[in-house]
Amino acid sequence: MDRFLRLGTRGSPLALAQARMAATSLEVAHHWLDGRVEIVPITTSGDEIQDRPLAEIGGKALWTKELDQALLDGRTNASVHSMKDVESERPETLVIGAMLPRGDVRDRIIGAESIAALPQGATVGTSSPRRAAQLLRARPDLHIVPIRGNLDTRLAKVESGAVDATLLAAAGLDRLGQSKVGKPIPLDVMLPAPGQAAIGLECRANDNDIHTQLARIDVHMTSAAVRAERAFARALGGSCHSPVAALGEVRAGKVRLRAEILSEDGREHVADEARFNVGDDAAAAELAKAMLAEAPESIRRLFPS
């Protein structure tokens with residue numbers, strides 16, 4: 001066994017903060033000395049390309065492919081991911097071995113007290129198809145423009161007046177010590193992306209030692225909820241062009257899965273929910289298929305079978 005367990009991570013401030021959370025959890029769970037877990041920053045294509053929406057340049061794989069390669073090459077023992085940025089279809093050679101306690105799943109709006117409080121025709125910066133569609137569903141008058149970059153870059157766009165407002169994940173803000181920034185958007189107004197606010201640790205499927213070590217810090221309720229959300233997204237197919245929202249909640253061995261799919265302009269949407277046993281991926285997939293069956297063409301074309 002190597003002296004260090006090496007965790008691969010993106011090099012953004014948020015990714016590094018999440019990797020430190022994972023490292024601390026492992027060291028505490030295993031009674032290891034501080035520093036026993038080594039954090040290995042890896043630059044991803046998604047970090048390098050900042051001038052175009054993610055959906056136009058290769059999708060979520062741009063956040064994971066370099067981390068995957070480092071893991072498969074043996075340069076790292078596990079990768080730390082924001083689960084909302086991980087493709088629902090993953091290589092069979094890799095497995096999610098643990099998830100940390102989930103953070104606040106809501107989005108926050110920065111620049112206004114609420115979506116309803118935005119001025120008529122306000123410009124909102126977001127590169128998320130889900131957020132754009134949900135915003136336009138609530139407020140068809142809004143002007144949506146793409147915006148990417150780290151937290152400071154996005155906040156500066158609001159401060160400078162380049163955009164009137166932007167949306168960010170509450171959990172990410174909290175993990176960066178910015179819990180007072182922005183106003184939370186209620187879940188009945190905006191459901192989150194599948195996997196939002198969840199931190200996952202992925203390892204090689206054949207590395208039983210590392211998988212066992214990761215399992216010590218797995219939060220079962222988080223894993224079960226995110227598994228259901230990812231099964232729903234996987235059954236839909238589509239791409240990161242596709243506006244999809246899903247939130248699983250686990251109580252007494254049952255998952256309540258709420259979901260929404262939308263047209264890109266937000267004019268059409270289908271929302272539904274299902275309750276099923278933990279681990280029943282088929283039930284999550286059936287919800288996806290049932291929602292697609294009742295969806296108008298403007299939505300179905302985003303999810304080619």
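This is a short tour of a predicted model, stop by stop, with something to select at each one.

**Stop 1: the sheet with S1 in it**

Start by selecting strands S1, S2, S3, S4 and S10. Together they make an open sheet of 5 strands, in the order S2-S1-S3-S10-S4, with mixed pairing. Look at the two ends of that order: S2 and S4 (94-99) stand at the edges with a single partner strand each, so one side of each has no neighbour in the sheet. If the strands look fanned, that fits the numbers: neighbours here are turned by 35 degrees against each other on average, direction ignored.

Now zoom in on S1 (residues 5-9) and S2. They run parallel and are joined by 5 bridges. To see the register, pick Gly8 and look across to S2, where Val40 stands opposite.

**Stop 2: Ser82 and its partner**

Stay with this sheet and select Ser82, which is found in strand S3 (residues 78-82). Which residue shares a polar contact with the side chain of Ser82? Show Gln18: the two side chains are joined by a polar contact of 2.9 Å. Leaving out residues up to four places away in sequence, Ser82 touches Gln18 and Ala198.

**Stop 3: His31, out in a loop**

Next, pick His31, in the loop between helix H1 (13-30) and strand S2 (37-41). Is His31 buried or exposed? With a relative accessible area of 71%, His31 counts as exposed. Its backbone deserves a look too: phi of His31 is near 55 degrees, a positive value in a residue other than glycine. For context, most residues other than glycine have a negative phi.

**Stop 4: the other open sheet**

Move on to strands S5 to S9. These form an open sheet of 5 strands too, ordered S7-S6-S8-S5-S9, again with mixed pairing. Strand S7 (143-145) and strand S9 (183-184) are the edge strands; each has a single partner, so one side of each is left without a neighbour in the sheet.

Select S5 (residues 107-110) and S8 (residues 165-169) and you'll find an antiparallel pair joined by 4 bridges. Arg108 stands opposite Leu168 in S8. Now switch on helix H5 (residues 151-160), which packs on the sheet and touches S5 and S8, its direction making about 155 degrees with that of S8. Add helix H4 (residues 129-138) as well: H4 lies across S5, strand S6 (123-125), S7 and S8, and runs at about 130 degrees to S8.

**Stop 5: Leu173**

Select Leu173, in helix H6 (residues 170-175). With a relative accessibility of 1%, Leu173 counts as buried. Beyond its neighbours within four places in sequence, Leu173 is in contact with Arg108, Ile110, Leu151, Leu168, Gln178, Ser179 and Val181. You've just met two of those names, Arg108 and Leu168, facing each other across S5 and S8. Then try a distance between Leu173 and Leu14: they are 159 residues apart in sequence and 8.4 Å apart in space, C-alpha to C-alpha.

**Stop 6: the hairpin of S11 and S12**

Select S11 and S12, which run antiparallel and are joined by 8 bridges. Arg251 stands opposite Lys254 in S12. How many residues lie between the strands of this hairpin? There are 2, and in this hairpin Ala252 takes a positive phi near 50 degrees. Ala252 is exposed, with a relative accessible area of 84%. S11, by contrast, is mostly covered, with 6 of its 8 residues buried.

**Stop 7: helix H9 and the core**

Finish with helix H9 (residues 281-294). At 1.5 Å a residue, its 14 residues should span 20 Å, and its end C-alpha atoms are 21 Å apart, which agrees. Colour the buried residues of H9: Ala283, Ala284, Ala285, Leu287, Ala288, Met291 and Leu292. They pack against helix H8 (220-236), strand S12 (254-262), strand S13 (269-277) and helix H10 (297-300).

Now show the largest nonpolar core, which has 26 residues; Phe232, Leu236, Leu257, Ile261, Phe276 and Phe303 touch the most other members. H8, strand S11 (244-251), S12, S13 and H9 each supply at least two residues of this core. Centre on Leu236 to see Val244, Ile261, Ala288, Leu292 and Phe303 among its contacts. Apart from this core lies another, of 18 residues, including Leu7, Ala23, Val37 and Val80.

Definitions and conventions: Residues numbered from 1 in each chain as written. Predicted model: local features only at pLDDT ≥ 70, side-chain atom pairs only at ≥ 80, totals over all residues. Heavy atoms only, no water. Pairing = 2+ DSSP bridges. Contact = heavy atoms within 4.5 Å. Axes fitted to C-alpha atoms, helices over the stretch in contact; angles between N-to-C directions. Expected span 1.5 Å × (residues − 1). Buried < 20%, exposed > 50% of the residue type's maximum accessible area, 1.4 Å probe, protein only. Polar contact = N/O pair within 3.5 Å; in protein donor to acceptor, adjacent residues only side chain to side chain. Core = buried A, V, L, I, M, F, W, Y, C linked by side-chain atoms within 4.5 Å.
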